[in-house]
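This report goes through the side-chain pairs, strands and helices of one model. The salt bridges are taken up at the start, followed by the strands and the rings.

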Amino acid sequence: MLPSQTASVSPLAKFSWLYYLHHIRKRLWLVIFIVLIGISLGAIQVAKTRPLFRASARVLVEQEVVSSSVTPFHNPYMAHDLKSAFHQTQLKLLKSRSLAREVIASLQLAEHPEFASVNAPQSPGVIQSLKTWAMPYLIELKAYVFEKGEKVLASAPPSLQAWIGWPLETDASPKSPAPSDAAPVPAKTPAASPTEPISNDSIALTNSFLKRLKIQSDINSSLIHLHFEAYDPKLAATVPNTLAQLYMNQVKNKRFEKAHEGIDWLQKRVEEMEEKVENSEIELERYRQEHNTYSVDGQLPGVMQQLVAINTSLTVVQTERIKLGALYQKVEKEIDRPDVLQSLIDGTGETVMPELKRRYDELERELNQLTQNYGPEHPQVRKLRIDLEAQERKIDDERQRLIDVAKSRYEVVQDREAALLARHDELKREVQELNEKAIRYGRLKRKMESNQRLAKVLIDRLGETNLNMKMMGGTKFELVDPAEVPTVAINYRPVHTMTITGAVGLILALGVAAGLGFLDNRLDTPDDTAYLGFPVIGTITQHKASGGSKSKGGSEPVLMLEAPSSPTAEAYRMLRTNVLFSYADPPRKVFLVTSSHPNEGKTTVSANLAYAMSQMDRRILLLEADLRNPSIHKFFDLDGQMGLSELLLREDYDGCIHPYQGNLSIVPTGERPPNPSELLGSKRMEKFLAYAREHFDAIVIDTPPILAVSDALILSPLVDGILMVIRSNVTSYDHAKRAISQLLTLRTNLPTPLDQAGMAQTPGVSLGLVMNCLDPRSGRTYGYYGKYNHYYSGS
């Protein structure tokens, strides 16, 4: 066996470009066939293509705007948006149906051969014919289904009818007649149209014309390109030029019509504004005369000054009234208080109340003294009592006088306040009247001035419009580059078309080949087996056998005997070398050869490997353990000989081991036993293999496929190494992986592909892969055998 290799291989390795290149080379004829189909389709397309010509005219379209001092409506920030909108409008107008009909009428395209077929009656297609044929039958089927359905629903239970909503129509509502029996409904009389109705033929012709017309605008310029496609090159050049000329005439006519409309509109507006100015002036003058507003502006300041003065005086008087009112109340209630008297003195300047009070106090003290000295009936006491009463009357008179003074002062201030309030109200009303007159007068004056300004603007605009017909702006349309008759068709490029179709075919072919390679799950080369995680210890190339090189049984020959100098024989020698000399310590003797499915070449590999080993002066035993479908005995002409079944049943080895050439001995199958699995798994088989280990240097065991029967799995624990044969381009990855998985389950000494520690501890992996029937011409890395075939044949 080969030394342990890396057991883990990323599945993404399948996406290598070498992998797909291999599958593309493998399907080269398919790629060539698809490319040829693409080129052929391109050639057919070129042959069927009718040359189509395109002519282009370039025109300059600009919006003319006259700058005027009396035009206050220009917004410079909207210039770019207005230009873009203007160009979009011109593009729509150039592709309008009305302009298209003018071009068609001018060039009489309805009679041109290219457009004559547009209005020709078309024969109904296959689908339309089938629809016309089947329509009566469908109508009858529909009526039949409805009739049967009505009968069924009529006999249904009332609950079911209510749930379905039957009947669908009431008896009161009349049923609509069938389409065949319906009376013709009179068409509505169309409203009178100012224009003549357009026929369907004209609509179809206009649609066909517009499909060929292409209009493009430059983003950063004022140029517009007119393209027209036609099979006639002269017609392709004539249409853009005619379209541009008709549009220029249309623009000029519209410009003059627009200018005259503008002049008429301005004239009417000027007359209206002059009349408004006159009326506003008359109304202002009448108001001046009726309300005497000639000096309103001079009267209002004087009245406002008087009103301010009255407000000041009124504030002072109101303050004094409040003060005197408070004093009057104090005098009435507390006339004897000194502070009240002092306030009254401050207000009047004179009062005898303090003197009277002093005299009254003196008399009262004198009366009290005399009364104590002479008694109450003394004449002097009586006299003083009379004087005291007289003094008291004087005090009361003075108190009353002071109250009357305070009251009179308060009443005088009240009268002054009332007079000032009356004057204030009078001035206030006068100010309001003057303000109303001023406001009305100002409104009428502003109205008159506004009408005068508008009239002046309109008069100036009318004068400029009369001098310059372009006052309202217009469209500058100039044919910069007229369309020329084209000489090269836009759709007839044979080389280009065939190159494109060939390239598309090549891309499609490569994709198909790569896709088939991706979907192909078969193991084709030794590189593909890397996904299994075990090494390939031998690659056996295909051998082209001659007519008489097969054995009597019709099976493949033992190439080591028939063609020892062939490359395939050399491949078996290399496999022998890998098997015998890769591991010298410890030596391995028993090798099991199997496969995942039949017809993968395991028996051929076993026979040739055993014969190649015997040529190295070693005693080799070839054991045919495929008891179900044996074929080794056919390779070596051992039909009818005793073999493994007799050997295991009798435990007599004499006559069952047949020496062949040199050091090679063969144990054929012998009679087919009824229980192969039990026989191979018996103790007698273990005993025989122990005997073979003592008498032979190497034993090669040919076993049935792993996925077919369990014979190989039963023998796998008894051998030193397993050779699993994989047939190139036949064995699938899934089957090989499942077979290996079953071997790994039984062989505990086989490390799994992901068990790196087990790989390091095991002297070598005892499972090796043999790639059989490899095509040397298709291998990506194994082209050695195909390249050096002459070397082997010469030797």
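There are 11 salt bridges in the structure, which is a predicted model. Three of them are listed here.

| Acid | Base | Closest N to O distance |
|---|---|---|
| Asp481 | Arg58 | 2.4 Å |
| Glu570 | Arg573 | 3.3 Å |
| Asp697 | Arg619 | 3.8 Å |

Asp481 belongs to strand E4 (residues 474-481) and Arg58 to strand E1 (residues 53-64), so this salt bridge ties together parts that are 423 residues apart in sequence. Asp481 is partly exposed at 30% relative accessibility, and Arg58 is partly exposed at 31%.

The bridge between Arg573 and Glu570 lies within helix H16 (residues 567-581), where the two residues are 3 residues apart, about one turn of the helix. Arg573 has a relative accessibility of 19% and counts as buried, because the cut-off for buried is under 20%. Glu570, with 29%, is partly exposed.

Asp697 and Arg619 form a salt bridge that links distant parts of the chain, 78 residues apart. Asp697 sits in the loop between H21 and E10, and Arg619 in the loop between helix H17 (602-614) and E7. Asp697 has a relative accessible area of 27% and is partly exposed; Arg619 is partly exposed too, at 40%. Elsewhere, Arg358, Arg359 and Glu362 are joined into one network by salt bridges that share partners.

**The open sheet**

Eight strands make up an open sheet with mixed pairing, in the order E5-E12-E11-E6-E10-E7-E9-E8. Strand E5 (536-541) and E8 are at the edges with a single partner strand each, so one side of each has no neighbour in the sheet.

At one edge, E5 pairs with E12 in the parallel sense over 4 bridges, with Val536 opposite Leu769 in E12. E12 also pairs in the parallel sense with E11, over 6 bridges, and there Ile722 stands opposite Leu767 in E12. Of the 8 residues of E12, 8 are buried. At the other edge, E8 and E9 run antiparallel and are joined by 2 bridges; Pro659 is opposite Ser665 in E9.

Two helices lie across strands of this sheet. Helix H21 (residues 683-695) lies across strand E6 (590-595), strand E7 (620-624), E9 and strand E10 (698-702), and runs at about 160 degrees to E7. Helix H23 (residues 733-746) lies across strand E11 (721-727) and strand E12 (767-774), at about 170 degrees to E11.

**The E2-E3 hairpin**

Strand E2 (residues 213-217) pairs with E3 in the antiparallel sense over 5 bridges. The two strands are joined by a hairpin through 5 residues, and Ser217 stands opposite Ile224 in E3. E3 is mostly covered, with 8 of its 8 residues buried.

In a regular strand, side chains alternate between the two faces of the sheet. In E3, Leu223, His225, His227 and Glu229 point one way, while Ile224, Leu226, Phe228 and Ala230 point the other way; all are buried.

**Aromatic rings**

Which residue of E3 takes part in an aromatic pair with helix H8? The count of aromatic pairs comes to 3. One of them joins Phe209 and Phe228, whose rings are tilted, with centres 5.2 Å apart and planes at 35 degrees. Phe209 lies in helix H8 (residues 200-212) and Phe228 in strand E3 (residues 223-230), so the pair ties together parts that are 19 residues apart in sequence. Both residues, Phe209 and Phe228, are buried.

Phe636 and Tyr660 have ring centres 4.8 Å apart and planes at 80 degrees, so this pair is edge-to-face. The pair links distant parts of the chain, 24 residues apart. Phe636 is in the loop between helix H18 (632-635) and helix H19 (644-650), and Tyr660 is in the loop between strand E8 (658-659) and strand E9 (664-667). Phe636 is buried at 3% relative accessible area, whereas Tyr660, at 27%, is partly exposed.

Two arginines lie over ring faces: Arg50 over Tyr231, at 4.0 Å from the ring centre, and Arg212 over Phe115, at 4.8 Å.

**Arg440**

Arg440 is part of helix H13 (residues 379-467) and is partly exposed at 30% relative accessibility. Leaving out residues up to four places away in sequence, Arg440 touches Glu283 and Tyr287. Arg440 and Leu284 are 156 residues apart in sequence, with a C-alpha to C-alpha distance of 9.3 Å.

Methods:
Residues numbered from 1 in each chain as written. Predicted model: local features only at pLDDT ≥ 70, side-chain atom pairs only at ≥ 80, totals over all residues. Heavy atoms only, no water. Phe/Tyr/Trp six-rings, centres within 6.5 Å; stacked < 30°, edge-to-face > 60°. Buried < 20%, exposed > 50% of the residue type's maximum accessible area, 1.4 Å probe, protein only. Lys NZ or Arg CZ within 6 Å of the ring centre and 35° of its normal. Pairing = 2+ DSSP bridges. Contact = heavy atoms within 4.5 Å. Axes fitted to C-alpha atoms, helices over the stretch in contact; angles between N-to-C directions. Salt bridge = Lys/Arg side-chain N within 4 Å of Asp/Glu carboxyl O.
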